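Visitor: I've got a model open and I'd like to learn how to read helix packing and empty space in it. Could you walk me through?

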Amino acid sequence: MALEIILTPQQRAAHIEQLLALDGLSRIKEDKLAAYCPISLTNTPDTLKPVASARQERLKQVLGDAGITYYDPKTAPFSPDKGLTAGPDEVYATDSGKIVGARFFIGHMLLPSTGQGIELEKAVKYNRLVILLMDAGIRVSRMLPPRAICLKYDDFDAQADQLVPVLKTLKEYEPGMGLSNGRPALLGFKGNNVVDLADLVYGMIPDMQWEFDGTKPAVEFDVRNPEIFRELRK
């Protein structure tokens, strides 16, 4: 495996400082022991909210066991379930600040979500330790960014504890960017050792390495208020 280093931890600091200035977030400092836990909210059907919430709570348990604090957008004042008083600019700035204030970005990719997709791209842009958790029985979009560690599970409640040693190991590395055999890679630096962090994690829990499977069903939605579309008004 040929690794090409593009952004060392030292270069990363200057790179992120510039990104923060462009986003008006220069006041935000990165917490190496914190995680942002994205979750689909606005268009999540009521029948699936308990499922998404239960998996989020189990993830938070795992993060606690690994010594990592977490931010859950579901509990934020701007959550769609709590009110719609804040405008897009305020929500974007708030969530962006929480993302760049945490070293880890880890959450479930279960349902289509514009907000979650924007958060994911921002996390990759800011070179966070991105871990995406996929339900092995659900097909998700193939529009996923590189420099992310993608893991699958059949029963998250039963398999979640496998993530604890993984997270503890990732805490030992400083992130950077590079190429692995010509493909964008999330790199980890520890002393003179440089690794592709995705390969490191897949080696630790090979049974959880995710690969796209087009034979799996995607989540199907039933629109209960089609009349909001002009063409479908009665």
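Visitor: Which residues in α6 and α7 meet each other?

Guide: Keep in mind that this is a predicted model. On the α6 side, the residues are Pro165, Val166, Thr169 and Leu170, and they meet Leu197, Leu200, Val201 and Met204 of α7. Sort that contact by residue class and you get seven nonpolar, one polar and no charged.

Visitor: And at what angle do α6 and α7 pack?

Guide: Helix α7 covers residues 197–204, and its packing angle with α6 is about 150°, with the axes 10 Å apart. Angles over 145 degrees count as roughly antiparallel, so α6 and α7 are roughly antiparallel to each other. As for handedness, their crossing is right-handed.

Visitor: How do α2 and α6 cross, then: at what angle, and within what distance?

Guide: Helix α2 is residues 49–65 and helix α6 is residues 163–170; their axes cross at roughly 50° and come within 9 Å. That angle is why α2 and α6 are oblique to each other. This crossing is right-handed. On α2 the contact uses Val62, Leu63 and Asp65, while α6 brings Leu163, Val164, Leu167 and Lys168.

Visitor: What do the residues of that contact of α2 with α6 divide into?

Guide: Five are nonpolar, none are polar and two are charged.

Visitor: Let's try α3 and α4. Are those two parallel or oblique to each other?

Guide: Start with the axes: helix α3 (residues 88–100) and helix α4 (residues 114–125) come within 10 Å and cross at roughly 40°. Angles under 35 degrees would count as roughly parallel, so α3 and α4 are oblique to each other. The crossing of α3 past α4 is right-handed.

Visitor: Which residues of α3 and α4 meet?

Guide: From α3 you have Tyr92, Asp95, Ser96 and Ile99; from α4, Ile118, Glu119, Lys122 and Ala123. The class split for this contact is four nonpolar, one polar and three charged.

Visitor: Now the empty space. How many cavities of 30 Å³ or more does the count come to?

Guide: The general idea goes like this: roll a probe the size of a water molecule over the atoms, and you see where empty space is left. Here the count comes to one cavity of 30 Å³ or more. The largest cavity holds about 80 Å³ of space.

Visitor: Which residues line the largest cavity?

Guide: The lining takes in Pro38, Ile39 and Ser40, then Ala52 and Gln56, and also His108, Leu110, Leu111 and Gln116. By class, that lining has five nonpolar residues, four polar and no charged.

Key
Residues are numbered from 1 along each chain as its sequence is written. This is a predicted model: local features need pLDDT of at least 70, side-chain atom pairs count only at pLDDT 80 or more; totals for chains, interfaces and linings use all residues. Side-chain values use heavy atoms; hydrogens and water are left out. Axes are lines fitted to C-alpha atoms, for helices over the stretch in contact, and angles run from 0 to 180 degrees between N-to-C directions. Helices (H or I, at least four residues) and strands (E, at least two) are DSSP runs, numbered from the N terminus. Angles under 35 degrees count as roughly parallel, over 145 as roughly antiparallel, 65 to 115 as roughly perpendicular and the rest as oblique. A crossing is left-handed if the near helix is turned anticlockwise from the far one by less than a right angle, and right-handed if clockwise. Contact means heavy atoms within 4.5 Å. Ala, Val, Leu, Ile, Met, Phe, Trp, Tyr, Cys and Pro count as nonpolar, Asp, Glu, Lys and Arg as charged, and the others, Gly among them, as polar. On a 1 Å grid over the protein atoms alone, a cavity is a set of points where a 1.4 Å probe fits but cannot get out, and a pocket is an open set with protein on both sides within 12 Å along at least five of seven lines; lining residues have an atom within 4 Å of a point. Grid points are joined across faces, edges and corners, and a volume is the space filled by probe spheres set on the points.
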